[in-house]
Amino acid sequence: MNDKLQFLSNVHLFRNIPQDNIRELLDAMEIKTFLKGENIIREGERGSSLFFLFKGKVSVTKKMTLFADSQELSRVDKALINLKDTDYAFFGEMALFAESEERSATVTAESECILGELQSEMLFRLMKDSSEFGALFYRNLSKVLADRLRNANRDILKLTTALTLALEE
């Protein structure tokens, strides 16, 4: 339990958050094990929980539609990112913004994984009980999402530039 508490203390979402609050969250988590190849989250499914990767490695993929020929569409999975426990990784945070939010990507175990699953209602209950925790948590979440948006914008610019150069040839 102490190793999981230490892990969560290093997760960006919990920066500057009191240990007592982190301990409450850990107590509310369901610890789950996934075998290599198992899907943890499936794109398009409804979900209302956030996951913390205590042990292992996962891949995050998204369905892409490709044109096989002029008449047929083909759907393939495109790897977006690989996450590992040493990244103090978490995923599923978009489920915190709407009740039973549709998952935006598929997350698959690339090795045996141990995860903590935190239901959004438990997180919101703690926020209601401690406004200080809520303010710190949302500030941290905003920073994480802003960083991810900045990286996505950078990737879009690279792709747009590459496409423009390819079309000019």
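Here are legends for four views of a predicted model, starting with the whole protein and then moving in on some details.

**View 1. The whole protein, from end to end.**
Let's get our bearings first. The secondary structure adds up to four helices and 10 strands. Follow the chain from the N terminus and the elements run α-α-β-β-β-β-β-β-β-β-β-β-α-α. Along the principal axes, the C-alpha atoms fill a box of roughly 60 × 30 × 30 Å. There are 169 residues, and 35% of them count as buried. Now think about which parts of the chain touch each other: among contacts between residues at least 6 apart in sequence, 75% join residues at least 24 apart.

**View 2. Where helix H1 meets helix H2.**
This one is about a pair of helices. H1 covers residues 2-10 and H2 covers residues 19-28. Their axes come within 10 Å and cross at roughly 120°, and the crossing is right-handed. Who's touching whom? On the H1 side you'll find Lys4, Leu5, Leu8 and Ser9, and these meet Gln19, Ile22, Arg23 and Leu26 of H2. Sorted by class, this contact has four nonpolar, two polar and two charged residues.

**View 3. A look into the largest pocket.**
The largest pocket in the model has a volume of about 1300 Å³. It is lined by 36 residues, and the ones closest to its centre are Val60, Leu80, Ile81, Glu93 and Arg148. Which elements build the lining? At least two residues each come from strand S5 (57-67), strand S6 (73-84), strand S7 (90-91), strand S8 (101-102) and helix H4 (131-168). H4 gives the largest share, with 13 residues. As for chemistry, the lining is a mix of 19 nonpolar, six polar and 11 charged residues.

**View 4. Threonine 108 and its surroundings.**
Time to zoom in on a single residue. Threonine 108 is part of strand S9, which spans residues 106-109. Is threonine 108 buried or exposed? Its relative accessible area is 13%, so it counts as buried, the cut-off being under 20%. And what is threonine 108 in contact with, once neighbours within four places in sequence are set aside? One run of its contacts is Gly37, Glu38, Asn39 and Ile40, and the others are Lys57, Val58 and Ser59. If you're exploring the structure yourself, try picking out each of these residues around threonine 108.

Notes
Residues numbered from 1 in each chain as written. Predicted model: local features only at pLDDT ≥ 70, side-chain atom pairs only at ≥ 80, totals over all residues. Heavy atoms only, no water. 1 Å grid on protein atoms, 1.4 Å probe; cavity = no way out; pocket = protein on both sides within 12 Å on 5 of 7 lines; lining within 4 Å. Points joined across faces, edges and corners; volume = space filled by probe spheres on them. Nonpolar A, V, L, I, M, F, W, Y, C, P; charged D, E, K, R; others polar. Axes fitted to C-alpha atoms, helices over the stretch in contact; angles between N-to-C directions. Left-handed = near helix turned anticlockwise from the far one by under 90°. Contact = heavy atoms within 4.5 Å. Buried < 20%, exposed > 50% of the residue type's maximum accessible area, 1.4 Å probe, protein only.
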